[in-house]
Amino acid sequence: GDSKQVSPTAVGVSETKIKDLQTMMNQRYKYVEMILPGKSIFDQAKACYADATVTLTQHFRCVPKCIEFSNKQFYHDGLQPRRLPP
């Protein structure tokens with residue numbers, strides 16, 4: 001993933017379970033505030049390693065027309081579509 005992708009949504013996760021997890025992890029994990037619905041593993045890695053970024057440069061899932069908007073809007077035309085049309 002990368003910071004331009006949508007984070008997951010927490011469906012069916014109770015606040016009590018989240019608070020319990022945060023309490024359990026509080027002694028061992030310094031970024032416990034990142035254990036929240038809507039936060040991804042990518043979000044946690046970004047918080048832990050803020051200075052170490054890797055930018056997505058190639059995209060294999062969508063044909064060029066589908067990725068064109070994101071490429072212009074978020075990647076400044078630096079994303080190379082690699083999937084061929086069917």
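## Close-up views of a predicted model

At 34% relative accessibility, Glu68 falls in the partly exposed class, and this residue opens the legends below, which describe a predicted model.

**View 1. A salt bridge within helix α3 joins Glu68 and Lys65****.** The side chains of Glu68 and Lys65 meet with a separation of 3.4 Å from N to O. Both residues belong to helix α3 (residues 64-74), where their spacing of three residues means that about one helical turn separates them. Lys65 is exposed, its relative accessible area being 68%, whereas Glu68 is partly exposed at 34%. Side chains of opposite charge can pair when their charged atoms come close.

**View 2. Asp77 and Lys72 form a salt bridge****.** Here the closest N and O atoms of the two residues are 3.6 Å apart. Asp77 is partly exposed, with a relative accessibility of 49%, and Lys72 is likewise partly exposed, with a relative accessible area of 48%. A search of the whole structure finds two salt bridges.

**View 3. Phe69 and Phe74 make an edge-to-face aromatic pair****.** A search of the whole structure returns one aromatic pair. In this pair the ring centres of Phe69 and Phe74 are 6.4 Å apart and the ring planes stand at 90°, so the arrangement is edge-to-face, given that planes over 60 degrees apart are assigned to that class. Phe69 counts as exposed because its relative accessibility, 56%, is over the 50% cut-off, while Phe74 is partly exposed, with a relative accessible area of 37%.

**View 4. His59 of strand β1 is buried****.** His59 is found in strand β1, which comprises residues 58-59, and its relative accessibility is 14%, under the 20% limit, so this residue counts as buried. When residues up to four places away in sequence are set aside, the contacts of His59 are with Ile67, Leu79, Gln80, Pro81, Arg82 and Arg83.

**View 5. Arg82, in the segment after β2, touches His59****.** Strand β2 covers 80-81, and Arg82 lies in the segment that comes after this strand. Although Arg82 and His59 are 23 residues apart along the chain, their C-alpha atoms are separated by 5.7 Å. Apart from residues up to four places away in sequence, Arg82 touches Gln58, His59 and Phe60. The side chain of Arg82 also makes a polar contact with the side chain of Gln80, at 2.2 Å, and Arg82 itself is partly exposed, with a relative accessible area of 41%.

**View 6. Six residues make up the largest nonpolar core****.** The members of this core are Met25, Tyr29, Tyr31, Val32, Met34 and Ile35. Val32, one of these core residues, is in contact with Gln22, Met25 and Asn26 once its neighbours within four places in sequence are left aside. In soluble globular proteins, nonpolar side chains tend to be buried together.

**View 7. Cys62 is in no disulfide****.** A search of the whole structure finds zero disulfides. For Cys62, the nearest cysteine sulfur belongs to Cys66 and is 5.2 Å away, whereas a disulfide would require the two sulfur atoms to lie within 2.5 Å. Cys62 is partly exposed, at 27% relative accessibility, and Cys48 is also partly exposed, with a relative accessible area of 27%.

Note on methods: Residues numbered from 1 in each chain as written. Predicted model: local features only at pLDDT ≥ 70, side-chain atom pairs only at ≥ 80, totals over all residues. Heavy atoms only, no water. Phe/Tyr/Trp six-rings, centres within 6.5 Å; stacked < 30°, edge-to-face > 60°. Buried < 20%, exposed > 50% of the residue type's maximum accessible area, 1.4 Å probe, protein only. Helix = DSSP H or I, 4+ residues; strand = E, 2+ residues; numbered from the N terminus. Contact = heavy atoms within 4.5 Å. Core = buried A, V, L, I, M, F, W, Y, C linked by side-chain atoms within 4.5 Å. Salt bridge = Lys/Arg side-chain N within 4 Å of Asp/Glu carboxyl O. Polar contact = N/O pair within 3.5 Å; in protein donor to acceptor, adjacent residues only side chain to side chain.
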